[in-house]
Amino acid sequence: MLQDEVLHLFPETMRGRWRKVAVWADRLQEIRLRAEAPITVLIDNKEWFVTQNGELMDRQPVGAESRPEELEAVLTHLCQYSLYAFADEIRQGFLTIQGGHRVGVAGQVILGEENRIRNMKYIRYLNIRIAHELKGVADPVMSYLYEKSQVLNTLLISPPGCGKTTMLRDIIRQISDGTEYGRGVNVSVVDERSEIAGSYLGIAQNDVGIRTDVLDGCPKVEGMMLLIRSMAPQVLAVDELGSDRDIQALFMASGCGCKIIATIHGSSLEEIKCKEYMSQVVKNGLFERYIVLGRHQGRCAIEGIYDREGTRCLN
């Protein structure tokens, strides 16, 4: 139960303060803890302050700041009392915990050779993002992602916070399990930031389908090549394209016979066409479907679906 998962994010001695917040678990998006600063939570995209006794207020309360030792206690608890075991994740700036929830961390960085981040200490900022698995959100688009029962190369375009990763996850699940439009196929996922599958100890916490293999915490380019060699996927899924190297890897994957499902930040197909590293993708018609997400009356919505020529399939 999600309410219990929210409570168990905190040591037992601190849970009394969080019981009233946990009631909102189904609509809770973020919990932000900052040393010597008020605690804030995001519920339905609205920020609230948490008082000392756990009440929610829309203005900053007096005397409700988090102490550094409280943050240390929370982080130690989330790491199952072994920070060493999660050192690699902390070095990357986040860790994924049971339930698929993601904890962003910030503090003082310790640099190693070639100015690479070796570790982090004095962690004084935590951003706990609550995972919400929404099955069925891809239902309205699935019929457009197949042609003659074959999956089409598809790119999801979305501004931040409009549900592209949630949509991607559900598309992966349905393609993997099979739909009325096509049988289930083997899907490989490069989950660079552990946001798609939400893997914990190597096991996906989110339902990404029965025929899905996940490579967790690996950079996209290296991950795509590794999965093609090792898992022989029919469909390859990645989140947040953002460089020439990503695009080159996509062309290589496509040349190996893989279908591609990917996402990119943007507000429209026109904006994507203007990105320098995407020009060859659009020109060569790599993607056969473009799904544009946005917001309508404060809610995530499908703004349009386009074919490779940019003609609208769905208004």
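A residue counts as buried when its relative accessible area is under 20%. By that cut-off, 12 of the 14 residues of helix 6 are buried, so the helix is mostly covered. The model is predicted. Its seven-stranded open sheet is antiparallel in its pairing. Helix 2 packs on this sheet.

**The sheet**
- Seven strands make up the open sheet, in the order 4-3-2-1-7-6-5, with antiparallel pairing.
- Strand 4 (56-57) and strand 5 (94-96) stand at the edges. Each has a single partner strand, so one side of each lacks a neighbour in the sheet.
- Strand 6 (residues 102-111) and strand 7 (residues 117-129) run antiparallel and are joined by nine bridges.
- Within this pair, Arg102 sits opposite Arg129 of strand 7.

**Helices against the strands**
- Helix 2 (residues 15-22) touches strand 1 (28-34), strand 2 (39-43), strand 3 (46-50) and strand 4. The direction of helix 2 makes about 25° with that of strand 2.
- Helix 3 (residues 68-78) lies across strand 1, strand 5, strand 6 and strand 7. Relative to strand 7, helix 3 runs at about 95°.

**Helix 6**
- Helix 6 covers residues 164-177, 14 residues in total. From first C-alpha to last, helix 6 reaches 20 Å, close to the 20 Å expected at 1.5 Å a residue.
- The buried residues of helix 6 include the charged side chains Lys164, Arg169, Asp170 and Arg173. Also buried are Thr165, Met167, Leu168, Ile171, Ile172, Gln174, Ile175 and Ser176.
- Gly178 comes just after helix 6 and takes a positive phi of about 100°.

**Positive phi outside glycine**
- Lys148 is a residue other than glycine, yet its phi is positive, near 55°. Lys148 lies in the loop between strand 8 (146-147) and strand 9 (150-151).
- The relative accessibility of Lys148 is 77%. Exposed means over 50%, so Lys148 counts as exposed.
- Glu240, also not a glycine, has a positive phi near 60°. Its place is the loop between strand 13 (235-238) and helix 8 (244-255).
- Glu240 has a relative accessible area of 21%. Buried requires under 20%, so Glu240 counts as partly exposed.

Conventions:
Residues are numbered from 1 along each chain as its sequence is written. This is a predicted model: local features need pLDDT of at least 70, side-chain atom pairs count only at pLDDT 80 or more; totals for chains, interfaces and linings use all residues. Side-chain values use heavy atoms; hydrogens and water are left out. Two strands pair if DSSP finds at least two bridges between them. Helices (H or I, at least four residues) and strands (E, at least two) are DSSP runs, numbered from the N terminus. Contact means heavy atoms within 4.5 Å. Axes are lines fitted to C-alpha atoms, for helices over the stretch in contact, and angles run from 0 to 180 degrees between N-to-C directions. Buried means under 20% relative accessible area, exposed over 50%, partly exposed in between (1.4 Å probe, protein chains only). The expected span of a helix is 1.5 Å times one less than its number of residues.
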